[in-house]
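Work through the exercises below with the model on screen. Try each task before you read its solution.

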Amino acid sequence: MGCRIRPLTAAVALAFVSSSGWQLAQAQALDEVVVKASKQATLPGASQAGELAAQSAASRDTAALLKNIPGVSLYGAGAVSSLPAIHGLADDRLRIKVDGMDLIASCPNHMNPALSYLDPSQVGTLTVYTGISPVSLGGDSIGGSIVANTRAPEFAEPGQGRLLKGEVGAFFRSNNNARGGNASVTYATENVSLSYSGAYSEADNYKAGKDFKTFTASGRPGHDLARDEVGSSAYRSANHTLDLAVKHDNHLFEAKLGYQNMPEQLYPNQRMDLLNNEQKRINLRWLGEFAWGKLETRAYHETVKHYMDFGADKQFQYSTAPGMPMHTEGKTTGATVKAEIDLAARSLLRLGGEYQHYTLNDWWPASGTGGMSPYTFININDGQRNRLALFGEWEKQSTPQWTTQLGVRYERVNTSTGQVHGYNQNNNPTSAGMSMMNQTNDAARFNTSAKRDSTDNNWDFTALAHYKIDATQDIEFGLARKVRSPNLYERYSWSTANMMAIMNNFVGDGNGYIGNPDLKPEKAHTLSATFDWHDAERRRELKLTPHYSHVTDYIDAIQWDNVSNTARTIPLRNQFTTLRYANQTARLYGVDLSGQLPLANTAWGEFGLKGLLSYVRGKNTDTGDDLYNIMPLNAKLTLTHTIGGWDNALEIEGVSGKKKVADARNEIQTGGYALVNLRASYSWRQARLDFGVANLFDRGYALPTGGAYTGQGTTMGINSIPWGIAVPGMGRSLYAGVNVKF
């Protein structure tokens with residue numbers, strides 16, 4: 001298994017091939033990074049062979065495969081459901097595609113993001129556009145784009161007859177007793193390919209490097225947690241993919257079936273836990289190559305059934321109520337058509353259209369005989385989010401030094417939802433129980449709102465360029481306008497009661513959130529550039545990428561008074577609070593620095609040095625407040641060593657203290673820290689062994705973007721658990737993984 005990393009940071013990178021004359025190959029945009037599992041050789045001097053396998057042994061979180069990319073950080077969530085952030089923008093602000101499908105998190109806590117449906121062992125390519133993504137891969141997002149693909153179908157070579165191959169693997173990590181395995185098999189002829197891949201993993205709660213809390217109670221009689229144990233961090237997950245592909249002449253037909261069964265994923269920064277998630281998906285694709293270019297069509301359908309309640313480390317019984325069951329069902333149907341047309345004068349035209357229909361139902365059955373009864377609480381009723389998009393991109397090499405790309409994209413986004421009611425009422429308005437926690441007034445206000453059906457007409461524009469000064473210097477730069485419409489929870493979560501609001505939170509800060517039907521789409525204007533110095537073989541390289549974004553109608557949050565139903569005039573401090581989404585203005589800017597350098601080639605092997613540094617600053621320019629969950633200054637330095645089948649690394653990771661925090665959300669400050677990690681691997685022809693130690697010195701530290709610790713105790717009450725504890729990082733962990741091919 002190999003690994004290929006190609007960061008092209010700022011405008012556009014165009015590849016060239018020589019056949020009869022030349023032709024423009026597939027464009028790669030600003031800040032593209034590809035992590036690939038393949039047999040291909042790595043880039044000269046990249047020293048990345050096997051990194052994907054090594055990271056799979058260290059973590060089963062697919063988003064964690066991106067952690068070594070400059071400008072990318074992770075929002076803490078469940079153990080296999082981290083939310084990637086690019087330059088301070090995360091979750092729905094990014095365009096994330098899995099095998100060409102746009103998948104949406106169907107959960108009020110976004111516990112099932114798109115990348116959580118792939119195990120790292122199933123990833124074929126993982127492409128990240130950290131700067132300005134082209135309009136063909138953007139849309140309905142204001143940050144970068146992430147494109148994840150499972151392994152491409154393989155066919156027998158002409159005259160080979162039949163192809164039969166496979167792989168099995170297993171891993172173990174000491175800190176949280178994580179264990180699991182993966183298997184894949186392919187049977188193919190010259191024209192038909194059938195493959196299967198599956199993976200299972202599970203883990204217990206992990207332990208921090210030191211005690212991070214002063215209490216041990218979980219809220220369940222007889223069940224205590226050690227002061228260094230991170231409650232609600234265990235999980236179990238299984239993922240399966242079946243792929244059938246048929247090729248004929250220049251045409252490829254492909255059908256992929258996917259299934260996930262996740263019986264448990266507990267959350268240390270949410271009030272609830274995932275206690276079942278079942279996803280089924282079908283993905284059909286046709287690709288044709290013609291003399292004039294390529295044409296690709298795709299149709300897909302996904303269903304998600306999601307269930308939450310209090311897991312083993314959180315109080316379950318509240319008076320007469322056994323838990324707080326919450327159900328979510330989402331359905332997504334989509335289709336895309338894309339054409340790449342080779343034009344004269346060394347240019348390429350890319351045209352396309354996309355359609356997506358998404359429905360969401362979110363309901364919480366009655367529990368007990370108190371405030372959560374006698375009827376079902378309807379959080380989202382027949383929510384719909386429909387997108388129709390058209391785009392066009394034009395790429396041209398005007399001189400041997402200059403290549404440019406211009407793009408425009410239009411999206412029509414319609415969101416709507418039906419009427420709702422609380423626990424005290426059913427669909428018959430005359431059948432009402434006790435009006436507790438503002439349920440009657442909140443539901444009536446929402447049901448009479450004229451904004452339960454909104455249509456946005458969004459336009460994106462990109463202009464990208466690449467100038468090659470000489471064989472060792474490049475400059476890339478770009479400018480973009482990008483637009484994102486609010487998601488259904490941002491617009492339509494309607495209850496102002498603390499108990500209901502804290503269950504609608506997908507940022508992990510422990511607060512409660514109220515939707516706002518009046519929200520407008522976010523509009524970002526982004527400028528980015530990259531200065532790239534390197535030798536001819538790229539064994540030595542240094543890249544500097546400054547970036548700047550100005551976002552109007554940025555969806556931030558303001559503290560809300562659920563008695564007066566207005567913004568709080570005197571904000572609550574040092575406690576969890578309730579907030580309402582609101583359009584404001586934001587500014588984000590920063591810089592990424594990355595490079596590599598060979599040190600020595602000796603009888604003891606080749607030594608090299610790799611490094612990266614990222615800084616981003618986010619500010620709400622309307623209020624002067626800092627933006628939430630911005631990763632502070634961070635750097636990573638890696639000493640690499642290879643000899644024979646060995647590939648080893650010593651890594652030092654440093655993060656500065658986080659002092660600039662979002663006051664409106666009472667975000668928790670965190671201290672700076674440094675970690676040391678060791679990893680090693682040995683590869684044979686048909687096998688590979690990975691092992692290492694994460695956090696070698698068992699350092700205790702808090703995750704800057706891990707959110708607030710709500711992993712144990714009486715989590716249903718907004719302030720019935722302590723405020724001010726950040727989710728800690730994992731202490732020392734030894735790990736090992738093995739993969740065998742046949």
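Three short exercises follow, each with a worked solution.

This is a predicted model, where local features need pLDDT of at least 70, side-chain atom pairs count only at pLDDT 80 or more, and totals for chains, interfaces and linings use all residues. Residues are numbered from 1 along each chain as its sequence is written, and side-chain values use heavy atoms, without hydrogens and water.

**Exercise 1.** Find how many helices and strands the chain has, and decide why it counts as compact.

Solution. Step one: the chain has 4 helices and 38 strands (DSSP runs, H or I of at least four residues and E of at least two, numbered from the N terminus). Step two: the radius of gyration is 25 Å, close to the 27 Å of the globule rule for 742 residues, so the chain is as compact as a globular protein of that length. The radius is taken over C-alpha atoms; the rule is 2.2 Å times the number of residues to the power 0.38.

**Exercise 2.** Name the two strands that pair with strand 29, and give the sense of pairing.

Solution. Pairing requires at least two DSSP bridges between two strands. Step one: strand 29 (residues 522–534) pairs with strand 27 (residues 473–484) over 12 bridges, antiparallel. Here V483 stands opposite K523. Step two: strand 29 also pairs with strand 30 (residues 541–561), antiparallel, over 10 bridges. H525 has H550 as its bridge partner in strand 30.

**Exercise 3.** Which residue takes a positive phi in the hairpin of strand 29 and strand 30?

Solution. Step one: the hairpin has 6 residues between the strands. Step two: R538 takes a positive phi near 60 degrees.
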